[in-house]
Amino acid sequence: MQTMDKKSIIADLKKVASAAELDQWYEKYLGKKWEITVAYKSMGELSPEEKKEMGQKLGEIKTEATALYEEKNTAFQRDAINEQLANDLVDISLDLPLVKTGHAHLLQKERRLIEEICQSMGFIIEYGKDVVTKYENFYSVNIPASHPATEMHDTYFLSQHDDQGDNLVLRTHTSSMQNELMKRYGVPLKTVVPGKVYRHENTDASHDTVFWQLEGLVIDKDISIGNFKEMMMSLLSAIFGKDTKIRMRPAYFPFVEPGFEIDASCPICEQKGCSLCKQTGWIEILGAGMVHPNVLKEGGVDPNEYTGFAFGIGLNRVVAIKYDIKDIRYFTNGDLRFLQSF
Ligand code: PHE
């Protein structure tokens with residue numbers, strides 16, 4: 001009956017530090033097979049007085065131990081629930097910001113599309129650089145320093161100089177790449193240059209100080225105006241997503257001879273007459289021409305053997321026409337209402 005010592009049973013129970021230990025304690029003292037139970041069962045052998053005394057003692061131990069056991073058990077269960085709640089905690093009050101995904105600018109989406117069209121037609125895509133020399137922008141494409149044509153291009157000059165002591169310039173047209181491309185790739189050559197160009201001029205709904213051009217340069221033996229016309233109709237039809245005709249008017253650019261201004265059949269009204277084409281059915285869309293012999297020579301190409309054509313499309317204008325955008329300054333003014341509508 002050593003183990004029935006009340007103090008040691010209670011002391012054992014007080015040492016219990018976890019639910020598992022409490023289970024063990026229960027098994028040991030209160031479980032069916034164990035000490036208090038067994039002690040009850042063995043009372044049969046005792047005399048009536050001893051039985052009474054023993055019964056009383058066991059009863060006290062059992063009552064006290066059971067109460068303490070219940071208390072501990074409840075505490076462990078509460079701890080377990082609290083722990084689980086803490087682990088499962090989701091703070092639904094957390095105000096996470098919505099993630100806004102950006103998208104490419106309309107002009108850039110269209111530029112990529114046009115590049116793909118050009119690539120499918122066999123053009124090499126080149127970008128060149130925005131800051132160029134006077135040689136690249138003017139002299140290499142037959143615009144001498146004294147030429148009044150330099151005034152056609154209201155130029156932004158930089159304070160930095162090139163090797164010749166000339167101020168560098170922000171290219172006023174992508175024709176500034178023609179010379180480098182001829183020298184780099186030689187002939188035959190079929191390339192387009194999408195790129196930003198800069199002009200120091202007053203802005204209005206159809207003029208901006210920065211805009212994108214797409215320069216085309218095709219040089220080979222026996223290249224004719226007919227080749228240009230066919231190619232341009234295919235290109236514009238692909239860009240506008242509908243059959244497009246062109247009309248050619250004589251125009252002057254120092255780097256081509258002959259030079260043309262090209263009108264496209266109005267893609268908005270399909271030549272029925274609308275405000276965009278001012279009821280004429282035609283809209284002016286690009287400059288082009290047969291590459292001037294001086295430009296070929298300057299690029300190391302023999303003009304007696306090779307001919308070619310060049311063109312310069314204003315991308316902002318083309319995209320504005322395609323999407324019926326009335327003022328091309330929307331492309332650069334950063335107005336979110338505009339940017340988010342495409
Ligand atoms: N560079 C001319 C411009 O910016 C466009 C052009 C390119 C014209 C090629 C003819 C040939 O206005």
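The following paragraphs describe the domains, the largest pocket, the ligand surroundings and the backbone geometry of a predicted model.

The domain assignment divides the chain into domain 1, which covers residues 6–87, and domain 2, which covers residues 106–339. The C-alpha centres of domain 1 and domain 2 are placed 96 Å apart in the predicted model.

The largest pocket encloses about 1400 Å³ of space. Its lining is made up of 50 residues, of which Ser206, His207, Glu284, Ile285 and Arg317 are the closest to the centre of the pocket. Several elements of secondary structure contribute to this lining, with at least two residues supplied by each of the strands β6 (210–220), β7 (246–251), β8 (256–265), β9 (282–291) and β10 (307–314), and likewise by the helix α10 (315–323). Among the contributors to the lining, β9 accounts for the largest share, with seven residues. When the lining residues of the largest pocket are sorted by class, 22 are nonpolar, 13 are polar and 15 are charged.

The ligand is surrounded by 13 residues, and those that come nearest are His173, Ser175, Arg199, Gln213 and Gly312. For three of these residues, polar side-chain atoms can be paired with particular kinds of ligand atom. In the case of His173, a polar side-chain atom lies 3.1 Å from a nitrogen atom of the ligand. Oxygen atoms of the ligand are the partners of the other two, with a polar side-chain atom of Arg199 at 2.8 Å from an oxygen atom, and a polar side-chain atom of Gln213 at 2.9 Å from an oxygen atom. On its own, the ligand has 330 Å² of accessible area, and the protein covers 92% of this area.

The backbone was also examined for peptide bonds and phi angles that depart from the common pattern. In general, most peptide bonds are trans, and most residues other than glycine have a negative phi. A cis peptide bond is nevertheless present between Val187 and Pro188, with omega at about -5 degrees, and Pro188 belongs to the loop that runs between α7 (178–185) and β5 (189–198). A cis peptide bond also joins Glu257 to Pro258, again with an omega of about -5 degrees, but Pro258 is located in strand β8, an element that supplies at least two residues of the lining of the largest pocket.

Positive phi values occur at residues that are not glycine. Asn142 has a phi of about 70 degrees and is found in the loop between α6 (134–137) and β3 (157–161). Glu270, with a positive phi of about 50 degrees, is placed in the loop between β8 and β9, and these two strands each provide at least two residues of the pocket lining.

Terms used
Residues numbered from 1 in each chain as written. Predicted model: local features only at pLDDT ≥ 70, side-chain atom pairs only at ≥ 80, totals over all residues. Heavy atoms only, no water. Domains from an automatic or database assignment. 1 Å grid on protein atoms, 1.4 Å probe; cavity = no way out; pocket = protein on both sides within 12 Å on 5 of 7 lines; lining within 4 Å. Points joined across faces, edges and corners; volume = space filled by probe spheres on them. Helix = DSSP H or I, 4+ residues; strand = E, 2+ residues; numbered from the N terminus. Nonpolar A, V, L, I, M, F, W, Y, C, P; charged D, E, K, R; others polar. Near = heavy atom within 4 Å. Polar contact = N/O pair within 3.5 Å; in protein donor to acceptor, adjacent residues only side chain to side chain. Areas by Shrake-Rupley, 256 points an atom, 1.4 Å probe, with all protein chains shown as cover.
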